[in-house]
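Colleague: Could you take one strand of this model and go through its surroundings closely? I would like the pairing, the burial and the side-chain contacts in one connected account.

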Amino acid sequence: MQGLIVINAHGFSENTFKQVSALKAKFDALNVRIDIRTNADILTHIDELGNIEASFILKYDFVVYLDKDPYIALMIERSGVRMFNNGSAICLCDDKMLTHIALANHSIKMPKTISSPLVYDHSISEEFKNKLMKEFNFPLIIKEVYGSLGLKVYLVHDENELSFYMEKLVNVPHIYQEFISSSFGKDVRIIVINHQVVASMERNSKDDFRSNISLGGVGKKIKLSQEFEEVAIKASKILGLDYCGVDILYGPNNKPILCEVNSNAFFEHISKISGVDVAEVYAKYIVRTMKRKKRSKI
């Protein structure tokens, strides 16, 4: 069996290196050959006849897609090679607004969310700003729809700050959200594989409304409630994810409010805190899935 791990060419951080190394080591132990390539190395394209050219990918039994490049993911998906996660799921998770739209009308509680109007000039709408202030109390959250590790998320305290960020982001897709004050500086990260909860931790920050480990948050082991577990599993099923990290806020009375879903969540810290070897669980799941697929063709 041979697989390919795809990573981003321009975001190869230490965390990415550890993620890829850990997965490759687990595949090696399972006698699975693994190549590692970036999205810039993969010359998947649409040829002059209008066909997707991805013949090089056909030598692989599966692809572990650790990037967020939706275009290449969708073209690999069209090649027929089994992807973990598939291109359609990558697209939904890459764009935060698309995530919320996909999860809407499924009885999953989320912060009240309004998308920014997409504009084609350099002015902001006073009418839209006034409507926002009627819909939300301050503080409120602004998020760029493309972003990871807690970056590109802003806590807005008053009208002056709202005007500043609206001007700053006027040509950047973003969303406005209700601020869940009961979850200030803390949330729960849950790793879900094959629609089963594998590991979880609570993240806390003393100095920031965001709890991300990359921004100074600290993780601790928790006993996950059934309500939080059910939300994470339901989200993974709706979005069609083999693997994901689901971030859930503490609402009033500690009820779960879904914040985000990350299709390629880092697992180093949550593995240490939970005591679960996430890389091993993921690699074994992929190998089992591929063996069942091969048997079904016989």
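Modeller: Strand E11 (residues 186-193) pairs with E14 in the antiparallel sense, over six bridges. The model is a predicted one. Within this pairing, Arg189 has Asp247 of E14 as its bridge partner. E14 also pairs with strand E15 (residues 256-262), again in the antiparallel sense and over six bridges. In that second pairing, Tyr250 stands opposite Pro256 in E15. E14 and E15 form a hairpin with five residues between them. Asn253, in the turn, has a positive phi of about 60 degrees.

Burial comes next. Eight of the eight residues of E14 are buried, so the strand is largely enclosed by the rest of the structure. In a regular strand, side chains alternate between the two faces of the sheet. On one side of E14 are Tyr243, Gly245, Asp247 and Leu249, all of them buried. The other side has Cys244, Val246, Ile248 and Tyr250, and these are all buried as well. Both faces of E14 are therefore covered.

Tyr250 has further contacts. Its relative accessible area is 10%, so Tyr250 counts as buried, the cut-off being under 20%. Phe228 is buried too, with a relative accessible area of 4%. The ring centres of Phe228 and Tyr250 are 5.5 Å apart and the planes are at 50 degrees, so this pair is tilted. An edge-to-face pair would need an angle over 60 degrees, and a stacked one an angle under 30. Phe228 lies in helix H7 (residues 226-239) and Tyr250 in strand E14 (residues 243-250), so the contact links distant parts of the chain, 22 residues apart. Lys186 lies over the face of Tyr250, at 4.9 Å from the ring centre.

Cys244 is another buried residue of E14, at 1% relative accessibility. The closest cysteine sulfur to that of Cys244 is in Cys93, 6.9 Å away, which is too far for a bond. Cys259 is buried at 13% relative accessible area. For Cys259, the closest cysteine sulfur is again in Cys93, at 13 Å, also too far for a bond. The structure as a whole holds zero disulfides.

Strand E11, the partner of E14, has a charged contact of its own. The side chains of Asp187 and Arg203 meet in a salt bridge, at 2.7 Å from N to O. Asp187 lies in E11 and Arg203 in strand E12 (residues 196-204), so the pair ties together parts that are 16 residues apart in sequence. Both Asp187 and Arg203 are buried.

Some salt bridges elsewhere give a contrast in setting. A search of the whole structure finds 17 salt bridges. One of them is between Lys18 and Glu14, at 3.2 Å from N to O. Lys18 and Glu14 both lie in helix H1 (residues 14-29), four residues apart, about one turn of the helix. Glu14 is exposed, with a relative accessible area of 56%, and Lys18 is partly exposed, at 33%. Another salt bridge joins Asp28 and Lys24, with the closest N and O atoms 3.3 Å apart. Asp28 and Lys24 are also four residues apart in helix H1, separated by about one helical turn. Both count as partly exposed, Asp28 at 39% relative accessibility and Lys24 at 28%.

The aromatic pairs can be put in the context of the whole structure too. Nine aromatic pairs are counted. One of them is Phe62 with Phe84: the ring centres are 6.2 Å apart and the planes at 85 degrees, so the pair is edge-to-face. Phe62 is in strand E5 (residues 62-65) and Phe84 in strand E6 (residues 82-84), 22 residues apart. Phe62 is buried, with a relative accessible area of 0%, and the value for Phe84 is 0%, also buried. Phe62 and Phe84 form one aromatic cluster with Phe27 and Tyr285. Arg82 lies over the face of Phe84, at 4.1 Å from the ring centre.

Technical notes:
Residues numbered from 1 in each chain as written. Predicted model: local features only at pLDDT ≥ 70, side-chain atom pairs only at ≥ 80, totals over all residues. Heavy atoms only, no water. Phe/Tyr/Trp six-rings, centres within 6.5 Å; stacked < 30°, edge-to-face > 60°. Helix = DSSP H or I, 4+ residues; strand = E, 2+ residues; numbered from the N terminus. Buried < 20%, exposed > 50% of the residue type's maximum accessible area, 1.4 Å probe, protein only. Lys NZ or Arg CZ within 6 Å of the ring centre and 35° of its normal. Pairing = 2+ DSSP bridges. Disulfide = S-S within 2.5 Å. Salt bridge = Lys/Arg side-chain N within 4 Å of Asp/Glu carboxyl O.
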